[in-house]
Amino acid sequence: MSNDELYVAIDVDVVDTWVALVNPFGQIKGDLKKPSHSFKEDRGIKSAIAIMQELLKSKSVKPENIRGIGISTPMLEVKMKDRSTVLPFLYMAHFKHEFPNTLVRAAADVTLMALAEFNITYQSAPKSLYYLNWGSGIGGGIVLNGRIWPGAHGVASNIGHLPIKGVGMKCWCGHTDCLTTYAAGEILPIHYFKMLESMKPKNYKSPFEGKSQKDVTFIDIMKASAAGDVIATKVFDMATTAMAKALSIVVNLFNPELILIGGAVAGASSDLVNMVSQKTKTDLMFPETHKTAIVPSKIHRAGLLGAYQFVFANAKAQQGKKVGKALKAVKK
Ligand SMILES: [Zn+2]
């Protein structure tokens, strides 16, 4: 295998770090997945490097034969002694230091998910798309004319912290009324128990009787809402209305051809995407903005694929080659 043209793709999330060897046809030639370490220190980065080295060794591939390393990580702020940065940049710096002669590229997972969706699901259709990842947290990525738009400083598209006025809840980022405080998966059980306390509906029997907030997940809330529970339905309505407000800003501002909604919250409810799509349209300005299609995402764990596509496209660009056709051949 050592003579093949090979790339390394790395997808880091809160649960695990997934490293794969990928050939120029997008085929995974070997992979290794291990639990992720905390993002607060560099143990996670050292572990990702160790996982990569273990994978290369098991496949008898020398690190100097790797054409490029693509890395997908959550977009999190990392505070250090003298400055602060974001996780993708920190991974990139460490990997460049460790592999100085190899092309290294890193970006936010949601941005690379957007790229993977663009290249695979909609390879010939849209020129612009917005990918929304709606899970325990909320993030998004932009693709414009086939290329990611990470922003001038690498932190664009942070939809989860758009201010949506109303409830006045404090967000973990320090601001008040971020979209995250209404719609992030991890927040939905908190809203359920708050509403239960304040509404106390007559003859109401909670599906979570005897349970505390910690025992209930957003998937439980979605299921209860689908079963007609009155409070879970209110939580569902609040979350979808807040998300629609945020997406109407995306459409009025950016007017993409397509918005794709993925992530665990979206996946937990069959009518959530439809509901959000309908609600978003009520906040749009011009008739033309209604042409933006809002549909469910079709691929899962796309960060790995996006990481590969990102570094592959950069490697080919350095050689003065276009990659359109090569990426269209990639299969998930
Ligand atoms: Zn926030």
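Two residues are taken to be in contact if their C-beta atoms, placed from the backbone, lie within 7 Å. Axes are lines fitted to C-alpha atoms, for helices over the stretch in contact, with angles running from 0 to 180 degrees between N-to-C directions. The structure is a predicted model, in which local features need pLDDT of at least 70 and side-chain atom pairs count only at pLDDT 80 or more, whereas totals for chains, interfaces and linings use all residues. Residue numbers start from 1 along each chain as its sequence is written.

The protein chain contains eleven helices and twelve strands, these being DSSP runs numbered from the N terminus (helices, H or I, at least four residues; strands, E, at least two). For its 332 residues a compact globule would have a radius of gyration near 20 Å, and the 21 Å of the protein chain agrees with this; the radius is taken over C-alpha atoms, and the globule rule is 2.2 Å times the number of residues to the power 0.38. Along the principal axes, the C-alpha atoms fill a box of roughly 70 × 45 × 40 Å. Of the 332 residues, 42% count as buried, a residue being buried if 20 or more other C-beta atoms lie within 10 Å of its own, exposed if 12 or fewer, and partly exposed in between, with C-beta atoms placed from the backbone.

The chain is divided into domain 1 (6-101 + 301-328) and domain 2 (114-296), with bounds that come from an automatic or database domain assignment. The C-alpha centres of the two domains lie 28 Å apart, and eleven residues of domain 1 are in contact with nine residues of domain 2. On the domain 1 side, helix H2 (87-98), helix H10 (303-318) and helix H11 (324-328) each supply at least two of the touching residues, and H10 provides the largest share, four residues.

One open sheet of five strands has the order S3-S2-S1-S4-S7 with mixed pairing, where two strands pair if DSSP finds at least two bridges between them. Strand S3 (28-35) and strand S7 (103-108) stand at the edges with a single partner strand each, so one side of each is left without a neighbour in the sheet. The twist averages 15 degrees from one strand to the next. Within this sheet, strand S1 (residues 6-12) and strand S2 (residues 16-22) run antiparallel and are joined by six bridges, and Val-8 has Leu-21 in S2 as its bridge partner. Helix H2 lies across strand S4 (66-73) and S7, running at about 165 degrees to S7, whereas helix H3 (residues 109-121), which packs on the sheet and touches S4 and S7, makes about 100 degrees with the direction of S7.

A further open sheet, again of mixed pairing, consists of five strands in the order S10-S9-S8-S11-S12. Seven bridges connect the antiparallel strands S8 (residues 128-134) and S9 (residues 138-144), with Leu-129 standing opposite Val-143 in S9. Helix H9 (residues 272-281) lies across strand S11 (258-262) and S12, at about 165 degrees to S12.

Most residues other than glycine have a negative phi. Ser-157, which is not a glycine, has a positive phi of about 70 degrees; Ser-157 is buried, with 23 other C-beta atoms within 10 Å, and its place is in the loop between S10 and helix H4 (180-183). Asn-203 likewise has a positive phi, of about 55 degrees, but Asn-203 is exposed, with 4 other C-beta atoms within 10 Å.
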